[in-house]
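This report walks through the packing of one protein chain, moving from its interior to its helix pairs and then to a few individual residues. Please keep the sequence and the structure in view while reading.

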Amino acid sequence: MNLNTLQAAGLSREEAVAYEDLLKHGSSQTGNICQRTNIPSSHIYKVLTSLWEKGIVHFKIINNI
């Protein structure tokens, strides 16, 4: 998928970038997503929460992380 398609589907630019990264890399910690996407850590939780609320991603806790 490309960013334009994801944005046309209603995602913000940051949501589209984060989702594309997760598709490419699979399960990831937020710090790794921030590094790869250049989304500031102060925004990543808002972006991922929005994707989660839309039912696009899910999360899991492993070893309290």
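Leaving aside its neighbours within four places in sequence, with which residues is Ile 44 in contact? In this model, which is predicted, the residues that Ile 44 touches beyond that local window are Thr 30, Ile 33, Cys 34 and Ile 39.

## The nonpolar core

Ile 44 also belongs to a wider set of residues, since the largest nonpolar core has 15 residues and Ile 44, Leu 48 and Leu 51 are those with the most contacts inside it. Two or more residues of this core are given by each of the elements α2 (13-25), α3 (30-37) and α4 (41-53), and the largest share, five residues, comes from α2.

Leu 51, found in helix α4, has a relative accessibility of 0% and therefore counts as buried, the cut-off being under 20%. Not counting residues up to four places away in sequence, Leu 51 touches Leu 11, Glu 15, Ala 18, Tyr 19, Ile 56 and Val 57. For a further distance along the chain, Leu 51 and Leu 6 are 45 residues apart in sequence, and their C-alpha atoms are 12 Å apart in space.

## How the helices pack

The packing can be taken one pair at a time, beginning with α2 and α3. The axes of α2 and α3 come within 10 Å and cross at roughly 110 degrees, which means that α2 is roughly perpendicular to α3, as the angle falls in the range of 65 to 115 degrees. The crossing in which α2 passes α3 is right-handed. On the α2 side, Val 17, Ala 18, Asp 21, Leu 22 and His 25 take part in the contact, and they meet Ile 33, Arg 36 and Thr 37 in α3.

For α3 and α4, the axes come within 10 Å and cross at roughly 110 degrees, so that α3 is roughly perpendicular to α4. Here Thr 30, Ile 33 and Cys 34 of α3 make the contact with Ser 41, Ile 44, Tyr 45 and Leu 48 of α4. The remaining pair described here is α2 and α4, whose axes are 10 Å apart and which pack at an angle of about 80 degrees; α2 is therefore roughly perpendicular to α4. In this contact Glu 14, Glu 15, Ala 18, Tyr 19 and Leu 22 in α2 meet His 43, Val 47, Leu 48, Ser 50 and Leu 51 in α4.

## A buried glutamate

Is Glu 15 buried or exposed? This residue, which lies in helix α2, has a relative accessible area of 7% and is therefore buried, since that value is under 20%.

Its surroundings can be listed in the manner used above. Leaving aside neighbours within four places in sequence, Glu 15 is in contact with Gly 10, Val 47, Ser 50, Leu 51 and Lys 54. The pair of Glu 15 and Leu 51 is separated by 36 residues in sequence, whereas their C-alpha atoms are 6.7 Å apart in space.

## An aromatic pair

The count of aromatic pairs comes to one. The rings of Trp 52 and Phe 59 have centres 6.1 Å apart and planes at 65 degrees, and because planes over 60 degrees apart count as edge-to-face, the pair is assigned to that class. Trp 52 counts as partly exposed at 45% relative accessibility, while Phe 59, with a relative accessible area of 58%, is exposed.

## Two asparagines with positive phi

Which phi does Asn 38 have, although it is not a glycine? For Asn 38 the value is positive, at about 65 degrees, and this residue sits in the loop between α3 and α4. Its relative accessible area of 68% is over 50%, so Asn 38 is exposed.

Asn 63, likewise not a glycine, has a positive phi of about 55 degrees. The place of Asn 63 is in the segment after α4, and at 71% relative accessibility Asn 63 counts as exposed.

Note on methods
Residues are numbered from 1 along each chain as its sequence is written. This is a predicted model: local features need pLDDT of at least 70, side-chain atom pairs count only at pLDDT 80 or more; totals for chains, interfaces and linings use all residues. Side-chain values use heavy atoms; hydrogens and water are left out. A nonpolar core is a set of buried Ala, Val, Leu, Ile, Met, Phe, Trp, Tyr and Cys residues joined through side-chain atoms within 4.5 Å. Buried means under 20% relative accessible area, exposed over 50%, partly exposed in between (1.4 Å probe, protein chains only). Helices (H or I, at least four residues) and strands (E, at least two) are DSSP runs, numbered from the N terminus. Contact means heavy atoms within 4.5 Å. Rings of Phe, Tyr and Trp (its six-membered ring) pair if their centres lie within 6.5 Å; planes under 30 degrees apart count as stacked, over 60 as edge-to-face and the rest as tilted. Axes are lines fitted to C-alpha atoms, for helices over the stretch in contact, and angles run from 0 to 180 degrees between N-to-C directions. Angles under 35 degrees count as roughly parallel, over 145 as roughly antiparallel, 65 to 115 as roughly perpendicular and the rest as oblique. A crossing is left-handed if the near helix is turned anticlockwise from the far one by less than a right angle, and right-handed if clockwise.
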